[in-house]
Amino acid sequence: MDWTPGAVAALREQHDLPFVRADSNGLVVEFNKRFQEIYGWDDAIVGQTIGLILPQEFRELHHAGFARFKMIETSQIVNHPLELATICANGSVVRSEHYIVAEKDDEDVWSFAATLRPLEGPYGC
């Protein structure tokens, strides 16, 4: 898997797109205002599994992917756009393009971040 130092910061700087970041355990550690505006999540999601924004039928696969990544440190889903359903805080579903990056910090701990571009609804691109 290719990863680039600074990839998380580069996504974070795209203020026009919703941004969310999870730690190596898949727990949300930050998001931006656009993520809250479009998908409705607030500070209550911090510390919760990132799986909350995924459809129920994909959560187990997602958790398995995190576990596998921790073992082999490689993934086929990072660094290219993926069209996925995103669950909003109110339970509605928005088809979105997710662009996910992975990055290690100075202490060799992984972090995962994504921009989510809504493809439908009032914010659809």
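Author: In this predicted model, two strands count as paired if DSSP finds at least two bridges between them.

Reader: In what order do the five strands of the open sheet stand?
Author: The pairing in this open sheet is antiparallel. The order of its five strands is S2-S1-S5-S4-S3.

Reader: Why is one side of S2 and one side of S3 left without a neighbour in the sheet?
Author: Strand S2 (28-31) and S3 each have a single partner strand. One side of each therefore lacks a neighbour, because both strands stand at the edges.

Reader: By how many degrees are neighbouring strands of this sheet turned against each other on average?
Author: The direction of the strands is ignored here. On average, the turn between neighbouring strands is 35 degrees.

Reader: Which residue of the hairpin of S3 and S4 takes a positive phi?
Author: S3 (residues 81-87) and S4 (residues 93-104) pair in the antiparallel sense over seven bridges, and Thr 86 has Val 94 in S4 as its bridge partner. Five residues lie between the strands of this hairpin. The positive phi, near 95 degrees, belongs to Gly 91.

Reader: Which residue in S2 stands opposite Val 20?
Author: S1 (residues 19-23) pairs with S2 in the antiparallel sense, over three bridges. Opposite Val 20 in S2 stands Phe 31.

Reader: Which residues form the one aromatic cluster?
Author: There are two aromatic pairs. Phe 31 and Phe 35 form a tilted pair, 5.7 Å centre to centre with 50 degrees between the planes; Phe 35 and Tyr 39 form a tilted pair as well, at 5.7 Å and 45 degrees. Phe 35 and Tyr 39 both lie in helix H2 (residues 33-39), four residues apart, about one turn of the helix. The cluster consists of Phe 31, Phe 35 and Tyr 39.

Reader: Is Phe 35 buried or exposed?
Author: The limit for a buried residue is under 20% relative accessible area. Phe 31, at 17%, falls in that class, and Tyr 39, at 1%, does too. The relative accessibility of Phe 35 is 0%, so this residue counts as buried.

Reader: Which strand gives the most to the largest nonpolar core?
Author: This core has 24 residues, and Val 20, Phe 35, Tyr 39, Ile 50, Ile 53 and Leu 116 touch the most other members. At least two core residues come from each of S1, S2, H2, H3, S4 and S5 (110-118). With four residues, the one that gives the most is S5.

Reader: How many residues does the other core have, the one with Ala 7 and Val 8?
Author: It lies apart from the largest nonpolar core. Its members include Ala 7, Val 8, Phe 19 and Ala 113, and its number of residues is six.

Reader: Which residues does Leu 52 touch, not counting those up to four places away in sequence?
Author: Leu 52 lies in the loop between H2 and H3. With a relative accessible area of 26%, it counts as partly exposed. The residues it touches beyond those sequence neighbours are Trp 41, Ile 45, Arg 59 and Ile 87.

Reader: What distance separates the C-alpha atoms of Leu 52 and Asp 105?
Author: Along the chain, Leu 52 and Asp 105 are 53 residues apart. Their C-alpha atoms are separated by 25 Å.

Reader: Which residue follows H3?
Author: H3 (residues 56-72) has 17 residues and reaches 25 Å from its first C-alpha to its last, close to the expected 24 Å. The residue that follows H3 has a positive phi, near 50 degrees, and is Glu 73.

Notes. Residues numbered from 1 in each chain as written. Predicted model: local features only at pLDDT ≥ 70, side-chain atom pairs only at ≥ 80, totals over all residues. Heavy atoms only, no water. Expected span 1.5 Å × (residues − 1). Phe/Tyr/Trp six-rings, centres within 6.5 Å; stacked < 30°, edge-to-face > 60°. Buried < 20%, exposed > 50% of the residue type's maximum accessible area, 1.4 Å probe, protein only. Axes fitted to C-alpha atoms, helices over the stretch in contact; angles between N-to-C directions. Contact = heavy atoms within 4.5 Å. Core = buried A, V, L, I, M, F, W, Y, C linked by side-chain atoms within 4.5 Å.
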